[in-house]
Amino acid sequence: MKKKVFVLDLSKLQKGDIILQRFPNEASRGIREKTGSEYSHAMLYMGNSSILHANLKGGVAAINAQHEGVENADDMVVLRLKEGVSCDMHQLIQYARRTVGTAYSLKEAIQVTSDKVSGYEIDGATTNRQFCTKYVAMAYDAGGVKIVNDPTACTPQEILTSDKLERVEGAVRQATPAERKLVEEGSETLNNQTDLTEELLRTVREETKQDIQTFEQLLDASLESPELDEAIYQVCKNHPYMCMLDRYHEIRPEEYDYEMFIEKYGETSRGVAWEMASKLIEQNELYCIQYILLQQEYKKKDTKTCALFVDLYRRLVHDCAERNALYLVILKGVQRS
């Protein structure tokens with residue numbers, strides 16, 4: 001098996017960039033053959049190593065760009081709006097983040113694939129379901145730009161050949177030793193988070209009989225009535241999703257201990273610490289914003305579910321600060337006593 005030796009050059013990426021990717025498996029090859037596409041998957045870059053995409057396993061979810069590697073330089077391509085094309089990037093980003101957790105629509109994805117060869121009628125009207133290319137095109141549509149004729153039913157090739165987009169040259173390059181380590185390490189934590197998010201929202205839907213696909217919808221529902229708040233709270237309070245931070249401590253203890261970090265990453269320690277510290281900047285900003293917004297909602301209406309998430313985000317903000325303090329020590333090359 002070939003090693004994944006090419007990665008995204010994050011220094012050349014901007015918020016809202018589209019990443020198209022192909023994989024060395026039968027599913028990817030099948031999609032490319034049926035749609036006449038060079039690529040089989042579409043994703044959105046959110047900045048600071050964060051990628052959002054709609055995937056079969058967990059719906060709309062986040063992955064870490066630092067853990068994404070490919071075997072060949074042309075297995076990924078980055079696209080950006082051409083100069084002069086106006087887009088409300090704030091609205092685009094808001095849409096992309098607001099829909100995290102939305103279930104994947106396999107039916108629509110198959111219909112789009114089949115339509116290109118069989119003339120099936122596409123029904124892309126659903127707003128509470130996503131698949132990869134629909135998610136990307138709808139995010140741009142929210143920003144006021146139609147990158148394809150029909151954002152609800154498009155293929156990777158239609159995005160690749162859009163007259164609104166152009167390739168970002170040099171956005172995929174050979175990985176450094178530190179980057180290779182991060183790719184080889186994989187993204188166990190984010191994969192686990194995706195699984196837990198999907199399972200939590202599924203359980204909430206079962207208990208409330210509401211089509212709750214995102215955490216925004218979950219919190220909105222909890223504010224509607226004491227009955228819904230109680231039902232959602234009972235699902236969430238002991239769910240493993242709420243304990244993910246404890247699990248992160250267990251599987252990544254080196255991110256909280258100087259000696260363990262140096263032992264694990266060796267001569268690449270400073271490079272890895274730089275990559276991780278860069279990632280934490282926006283992550284911590286998002287946690288802080290969410291924490292403040294949740295506090296405001298909690299003050300408006302005292303709900304048990306909201307209080308639960310206020311505490312979760314308070315802990316996430318504190319955790320980011322703790323990890324970042326360690327990375328700064330490593331970057332300065334100072335041995336802690």
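The questions below look at how some words used for this predicted model follow from their definitions. Local features need pLDDT of at least 70 and side-chain atom pairs count only at pLDDT 80 or more, whereas totals for chains, interfaces and linings use all residues. Residues are numbered from 1 along each chain as its sequence is written, and side-chain values use heavy atoms, with hydrogens and water left out.

Q: Why is Arg32 called buried or exposed?
A: Buried means under 20% relative accessible area, exposed over 50%, and partly exposed in between, with a 1.4 Å probe and protein chains only. Arg32 has 18% relative accessibility, so Arg32 counts as buried.

Q: Which residues is Arg32 in contact with, leaving aside its neighbours within four places in sequence?
A: Contact means heavy atoms within 4.5 Å, and by that rule Arg32 is in contact with Arg22, Phe23, Ser37, Glu38, Tyr39 and Ser40. The C-alpha atoms of Arg32 and Arg22 are separated by 8.4 Å, although the two residues are 10 apart along the chain.

Q: Why does Lys209 count as buried or exposed?
A: The relative accessibility of Lys209 is 71%, so Lys209 counts as exposed.

Q: What is the phi of Lys209?
A: Phi of Lys209 is near 60°, a positive value in a residue other than glycine. Most residues other than glycine have a negative phi.

Q: What makes the chain as compact as a globular protein of its length?
A: The radius of gyration is taken over C-alpha atoms, and the globule rule is 2.2 Å times the number of residues to the power 0.38. For 337 residues the rule gives 20 Å, and the chain has 21 Å, which is close to it, so the chain is as compact as a globular protein of that length.
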